[in-house]
Protein chains: 2
Amino acid sequence: MAKDIAELREWTAGITDLRRACAVLQWDKDTLMPPLGAPLRAEQLATLERIAHERLTSERTGELVAAAEAELNGIAPDSVEARIVSETRRQYEKDRRVPVELAVARAKAASQGYETWVAARAAGDFSLFAPALERNFQLAREYIDCFDSYDDPYDIVLDDFAPGMRTAYAERLLHEMRDRLMPLIDMLREREVDVAPLHVDYPVAGQRQLADQVLRWMGFNDAGWRLDDTIHPFETSFSVTDVRLTTRYHGDYFPAGLYAAMHECGHGLYEAGVEPDLQRTPLGLIQSSAIHESQSRLWENMVGRGRAFSNALAPAVAARSDGVLSGLQPDVLFRAVNAVRPSTIRIEADEATYGLHIVLRFELERLLLARELEVDDLPAAWNARMQEYLGVKVGSDAEGVLQDVHWSAGLIGYFPTYAIGNLIAGQLWQRVRLDISDLDDQLAAGELQSLREWLREKVHRHGSRYTDTELLAQVVGGPVEVTPFIEYLKAKLGDAYGVALD
Amino acid sequence: MAKDIAELREWTAGITDLRRACAVLQWDKDTLMPPLGAPLRAEQLATLERIAHERLTSERTGELVAAAEAELNGIAPDSVEARIVSETRRQYEKDRRVPVELAVARAKAASQGYETWVAARAAGDFSLFAPALERNFQLAREYIDCFDSYDDPYDIVLDDFAPGMRTAYAERLLHEMRDRLMPLIDMLREREVDVAPLHVDYPVAGQRQLADQVLRWMGFNDAGWRLDDTIHPFETSFSVTDVRLTTRYHGDYFPAGLYAAMHECGHGLYEAGVEPDLQRTPLGLIQSSAIHESQSRLWENMVGRGRAFSNALAPAVAARSDGVLSGLQPDVLFRAVNAVRPSTIRIEADEATYGLHIVLRFELERLLLARELEVDDLPAAWNARMQEYLGVKVGSDAEGVLQDVHWSAGLIGYFPTYAIGNLIAGQLWQRVRLDISDLDDQLAAGELQSLREWLREKVHRHGSRYTDTELLAQVVGGPVEVTPFIEYLKAKLGDAYGVALD
């Protein structure tokens, strides 16, 4: 390996270590930390953020990148070496426009915002949260002001989670998806589905065993994974063999904990599947939330809510239900978890209405960012749009605008990646069913290894080596498309409802 | 506050944050981390160590300290401001002699050594551990070689845990203690004590409840503390309101978990009691392990194994024992936990023999450091000295040389602080019994608040503001002494055995 590239690699390994250290402090904060630990934890995270930002944007990074670029002659532009250099260049050029004090202020506001959100949510009082929310949006505006080249200000924050993606492109995809989902939802809205089996008193101890069993089918093992409780489920990892999942359980609605665990495990498999050699390079940290969400949503929905896997899942659900769901039939479970029921809570939404929850958030965060909507008017705007898109009435801010962690933690620009992740999952699902001809038989037996290995081979192992566009071109032969997801959904819902949806 | 002092304070706050971040990664590593997380965690810790070392030893630190010193005119030399400056100067002068690569190598070897020790201990095979041990001692020698001014090479490592203390001084104290303990042990060695109540099958679930109850009496609360399981109990903290205790339970010997929890909680109370304003200064991290151990040993032994507290403890032990110890009498418990029984395991040793375990380790680590003893010969030397000092035969390396975590984690020079901590605890105990006249009545009722507040007022709140010598002068009127500890022990053991020991 050329000398300057090696030196850049070593330098960025330290930055990666800092990012992982931040992730450890974040994970601890959001799972186990005693509540009074919050103020100093925010300082500690801010200090790590400051150091990481200073390193990444330092003259030394600039010099090392330039020297490494000069060494790239003859090296394939999509080789690991070349991509370590270009990814560092990309991050360097973006981050060095941002003053360190602003980067630190955003990190601090994110920590504090999360704490404020937890308290406001527990109290069901949006007014407690509003100042923190305003602060996060104000800092996002200041962040955008550091840049001068964009079609839309939102491009800058979207790019943080979907590198290279423009707002207009995301909007076109989201609106096409919305316009194709709404008639589908309308067709199914009034149809009867028996969802009673989901709303039973299922002991939390049994729910833990159920999650444990399903995660082990997926690839979870005690040598390199943990599952812990939290308020808002998330996944993080500190190495390819140190993956942390979190979930939470509702005693009267077991799908909440189960599907959150599968969703987060889908994220975890992605990070666990990265080529170990990439771990301490910039390619070892997944940059694309869109691809990330395609993995979590594929496991949660295509697998977890699919007819095939229901054959393995239903007996597992029944066995740990303390008799409450004994004899649960796969078909009953399959139909229940695919009921199209417009509701107020995104992470419990069915796959058809889910996309509308995202469109709503995408639109509202753009309005907030542009100050076309003020924070104080957000709850009313939220509730009005829920009525418009989903036809549901939001009973309280806790089940409305206070339900999501993202904005509290400064994750502005993240939401579209869920919907785009669904679209990509639709494309991957279409592809893998061609590549593994007996996939349904395997899923029905609870055998998830072939699927996991396919995803590892096609997606996971590359980490952030390829752009989304490149990766999709390799795996499915083209860019993000809405049709495969809609076709998949129509076939599945048609099956679940026993109707033809074309 | 003067400008340069303020700037120094801000600069060192970042270093303190880095130390706390390291502590979070360490804590996670030693409690919850999946085993395969170890290799990358070692890299992450090494990177944080590198950055902290570079910051502390940077020209900027030197300039800020010099500028701050120039501003100190007229400020009391033992004021918080002056001590922040002088403590930073002390650390700067010591650490800048150490090349960053050596500091990083020591941090990495400590992480890896710990992992190796865990595996070797589980396998009961010293030969697996020997190379890691050799490496840690070799790095300690290289570390000592960075300095040229000492009476004894061991001074340098001792100073890391007892700033300013010299080997000759520690040796004099330890040997006086040893020479006064040995006849005491000889007098009691053959006497009968009923220790059967300690060796019962006490359900671990009940042991957890017992530890929880006792810790809450001590001041543990869910808002700012956690208790988790580990292999080798330790305490760490990330703020004065984020204190982490760890312990482990033996199903057939409940004192192991109980007293380890009390010991660690004694450490925790020290760190929780530091004046909050000092938290992000160099004075907020406790530099003196000797004072630290005085706190843990005072709570574990003077309180936990005292006759007075037995009145509160015995019913608590009985109540959670699942009937195994119902009706346990305070006097029976008191006598059992004070049985002088030379044995192989340090952390389960009685107070009289404990000191000899320390002397043994102090002597062996000095020999290893000086290469007067080779690592391969350590088990034999260990076992021979156990025979000499304690008259016990070590059955296996697991209960011999592999029992302690310290050397594996690079903590060479730490052991003497346990014994000196015991001596200091003897002095504090003598003092507090004069200051709180009804202390025994309070302890007998399980009321530990006055004692905790006294310690907070006299010791905890100062953090590392004073040297050990200054602090002891303030609280007990003089330097470390052996007599108060020996007198305390004679009185207690005389009571427990019903004999006069003078």
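**Two chains, a helix pair and a sheet**

Thanks, everyone; I begin with how the chains meet: 100% of the interface residues of chain A are also interface residues in chain B, so the copies meet through the same surface, where contact means heavy atoms within 4.5 Å. This is a predicted model, in which local features need pLDDT of at least 70 and side-chain atom pairs count only at pLDDT 80 or more, while totals for chains, interfaces and linings use all residues. Residues are numbered from 1 along each chain as its sequence is written, and chains are lettered from A in the order in which they are written.

Chain A is superposed on chain B by a rotation of 180° with 0.0 Å of shift along its axis, at RMSD 0.0 Å, using least squares on the C-alpha atoms of residues with pLDDT of at least 70 in both. That is the relation of a two-fold axis.

Now to the sheet in chain B, where three strands (DSSP runs of E, at least two residues) form an open sheet in the order β1-β3-β2 with mixed pairing; two strands pair if DSSP finds at least two bridges between them. The edge strands are β1 (225-229) and β2 (235-239) of chain B, each pairing on one side only. Between β1(B) and strand β3 (residues 242-247) of chain B, which run parallel, there are five bridges, and B:Asp229 stands opposite B:Thr247 in β3(B).

Finally, helix α10 (residues 254-272) of chain B lies across β1, β2 and β3 of chain B, running at about 160° to β3(B), with angles taken from 0 to 180 degrees between N-to-C directions.

Terms used
Heavy atoms only, no water. Helix = DSSP H or I, 4+ residues; strand = E, 2+ residues; numbered from the N terminus.
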